Amino acid sequence: ALVGIIPIGISIACSVRELVRQGYIPSAKILIRPLIERVATSDYICDDQTAAELWNAGWPQNKRPKLASLLSRLENGHENEWKKFQQFMVDDFNASVHPNPDGDEQYLAKNEVGESVFWLNTVPSAHELADSVCNATAWSAVILASNAKKAFIWKGEN
């Protein structure tokens, strides 16, 4: 399962980086959602034998865990910080992916005369949004790399 999930996740992270570099911040942010899903799924598969069996059975939608449940596995004893993170990762990125008034307003950015507008292509002044996208992408890449190490580096005897 991880032979596909991890490289595709890293590819998404590299795509996000390039989109941010060119100023396509809304498109980059929308890609965070599938990236986070791959991070959480890779972690689940690394740590739970039944997850690998579920993956090999075709990852049936009615049996796989929901994203919030997968993300909660990453909490690791930091409940208060985790609640903030989960709100950011689930609620904020749901609003980014699915059209709605609250989600779309995050893509407003000032133009050269100070008016808040929706940009058709690049968003040259969306620095805070770019920072949050880059932070989520960096976090995701670290977790994917960690899961790759757990899955693919042999733990033989010394």
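Let me begin with a small network of salt bridges that links Asp-43, Asp-47 and Lys-150, where a salt bridge is a side-chain nitrogen of Lys or Arg within 4 Å of a carboxyl oxygen of Asp or Glu. Before the details, please keep in mind that this is a predicted model, in which local features need pLDDT of at least 70 and side-chain atom pairs count only at pLDDT 80 or more, while totals for chains, interfaces and linings use all residues. Residues are numbered from 1 along each chain as its sequence is written, and side-chain values use heavy atoms, with hydrogens and water left out.

In that network, Lys-150 bridges to Asp-43, with the closest N and O atoms 3.8 Å apart. Lys-150 belongs to helix α7 (residues 127-152) and Asp-43 to helix α2 (residues 25-47), so this pair ties together parts that are 107 residues apart in sequence; helices here are DSSP runs of H or I with at least four residues, numbered from the N terminus. The other partner is Asp-47, whose salt bridge with Lys-150 has its closest N and O atoms 3.4 Å apart. That pair, too, links distant parts of the chain, with Asp-47 in helix α2 and Lys-150 in helix α7, 103 residues apart.

Are these residues buried or exposed? Asp-43 is buried at 9% relative accessible area, whereas Lys-150, at 33%, is partly exposed, and Asp-47 is partly exposed at 45%; buried means under 20%, exposed over 50%, and partly exposed in between, using a 1.4 Å probe and protein chains only.

The structure holds four salt bridges, and another one of them joins the side chains of Glu-18 and Arg-21, at 2.5 Å from N to O. Both residues lie in helix α1 (residues 2-22), three residues apart, which is about one turn of the helix. Glu-18 is partly exposed at 29%, while Arg-21 counts as exposed at 57%.

Let me turn to the largest pocket, which holds about 330 Å³ of space. A pocket, on a 1 Å grid over the protein atoms alone, is an open set of points where a 1.4 Å probe fits, with protein on both sides within 12 Å along at least five of seven lines, and lining residues have an atom within 4 Å of a point. Of the 15 lining residues, those closest to the centre are Glu-37, Thr-41, Trp-59, Arg-64 and Leu-70. Helix α2, which we met in the network, gives the largest share of this lining, four residues.

Technical notes:
Helices (H or I, at least four residues) and strands (E, at least two) are DSSP runs, numbered from the N terminus. Grid points are joined across faces, edges and corners, and a volume is the space filled by probe spheres set on the points.
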